[in-house]
Amino acid sequence: MKCKNCKDVFEPRQFNRKYCTKDECNDLYFEFLKKQAQKKWNKEKKIKKENLQTVQELMKLTQIVFNKWIRKRDEGKPCISCKNPTPKKVNAGHYIASGKSKFLTFNEHNVHLQCEYCNNFLSGNLLDYRINLIEKIGIERVEYLEANRHKTKKYTREELKEIMEKYKKLYKS
C-alpha cells in the first residue's frame with residue numbers, strides 16, 4: 001500500500017492505516033485521527049446541548065425564529081400602528097403582548113410588522129394598532145384575540161421544536 005503523505009510503499013499494521021511509520025507521516029496520521037475524534041465529539045456535543053435546553057431557552061429561540069418570519073411576511077408593508085410606509089427599524093409587534101398571553105404568542109393574527117418607535121417608545125401604540133388590525137384581519141378575529149388574552153399555555157419542548165421548525169421552513173421558502 002502507498003503512504004498518503006510520502007507515497008512510499010509500506011505494509012499497513014492496521015487495516016485502515018493510510019500512512020507509513022515514518023515520524024513525519026505518523027504525525028500526520030495522528031492529526032488525522034485527532035480531527036476525526038473532534039468531529040465525532042462536536043456532533044455528540046450538539047445533540048447533548050439540544051437535549052439540555054430548557055423550555056425557557058427554547059421559547060426564546062422559537063420567538064426569534066417566529067419574529068424573523070413575521071418581518072419577512074410583512075416586508076414592504078407599512079407599520080400596523082402608524083402606517084409609516086418606510087420604517088427604518090422594524091419589529092414583530094404583538095397586539096396582545098406575549099408576556100401577558102402565552103396562548104397568543106405564536107398566533108399569526110396577533111403579530112404584525114411594527115416600527116421600532118411605535119413598538120418600543122409608544123408601548124405598541126395599541127389604539128391605532130387595533131383600528132388598523134380590524135381593517136387588516138376583521139373584527140371577528142380581533143375579538144377572538146381579545147377574548148383569549150387571559151388564556152395561558154405551557155408549551156412543551158416538543159411543541160416549541162415543532163413551531164420553530166415550521167417557521168424556519170416558512171422563512172427559508
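**Exercise 1. Place Lys7 and state whether it is buried or exposed.**

Lys7 sits in the segment before α1. Helices are DSSP runs of H or I with at least four residues, strands are E runs of at least two, and both are numbered from the N terminus. This is a predicted model, in which local features need pLDDT of at least 70, side-chain atom pairs count only at pLDDT 80 or more, and totals for chains, interfaces and linings use all residues. Residues are numbered from 1 along each chain as its sequence is written, and side-chain values use heavy atoms, with hydrogens and water left out.

Step 1: the relative accessible area of Lys7 is 53%. Step 2: buried means under 20%, exposed over 50%, and partly exposed in between, with a 1.4 Å probe and protein chains only. Lys7 is therefore exposed. Step 3: check the backbone. Phi of Lys7 is near 70 degrees, a positive value in a residue other than glycine. Most residues other than glycine have a negative phi.

**Exercise 2. Find which residues Lys2 contacts.**

Lys2 is also placed in the segment before α1. Contact means heavy atoms within 4.5 Å. Leaving aside neighbours within four places in sequence, Lys2 is in contact with Lys7, Asp8, Val9, Phe10 and Lys18. Its relative accessible area is 57%, so Lys2 is exposed. For scale, take Glu159: Lys2 and Glu159 are 157 residues apart in sequence and 53 Å apart in space, C-alpha to C-alpha.

**Exercise 3. Test the length of helix α1 against its expected span.**

Step 1: α1 covers residues 23-52, which is 30 residues. Step 2: the expected span is 1.5 Å times one less than the number of residues. That gives 44 Å. Step 3: the end C-alpha atoms are 42 Å apart, which agrees. The buried residues of α1 are Cys25, Asn26 and Tyr29.

**Exercise 4. Decide how many disulfides the structure holds.**

A disulfide is a pair of cysteine sulfur atoms within 2.5 Å. The search of the whole structure returns zero. Cys20 is in none; its nearest cysteine sulfur belongs to Cys25, 3.5 Å away. For Cys25, the closest cysteine sulfur is in Cys3, at 3.5 Å, too far for a bond. Cys20 is buried at 5% relative accessible area, and Cys25 is buried at 1%.

**Exercise 5. Identify which element gives the most to the largest nonpolar core.**

A nonpolar core is a set of buried Ala, Val, Leu, Ile, Met, Phe, Trp, Tyr and Cys residues joined through side-chain atoms within 4.5 Å. The largest has 14 residues; Phe66, Ile70, Phe106, Tyr155, Leu160 and Tyr167 touch the most other members. Two elements, α2 (55-73) and α6 (157-172), give two or more residues. The answer is α2, with six. A second, separate core has nine residues, including Ile80, Ile96, Val142 and Leu145.

**Exercise 6. Describe the strand pair and the setting of His94.**

Two strands pair if DSSP finds at least two bridges between them. β1 (residues 90-94) and β2 pair in the antiparallel sense over five bridges. Asn91 has Gln114 of β2 as its bridge partner. In β2 (residues 111-115), five of five residues are buried.

His94 lies in β1 and is buried, at 14% relative accessible area. The His94 side chain reaches the backbone oxygen of Thr105 at 3.2 Å. Beyond neighbours within four places in sequence, the contacts of His94 include Gln63, Asn67 and Tyr129.

Key. Polar contact = N/O pair within 3.5 Å; in protein donor to acceptor, adjacent residues only side chain to side chain.
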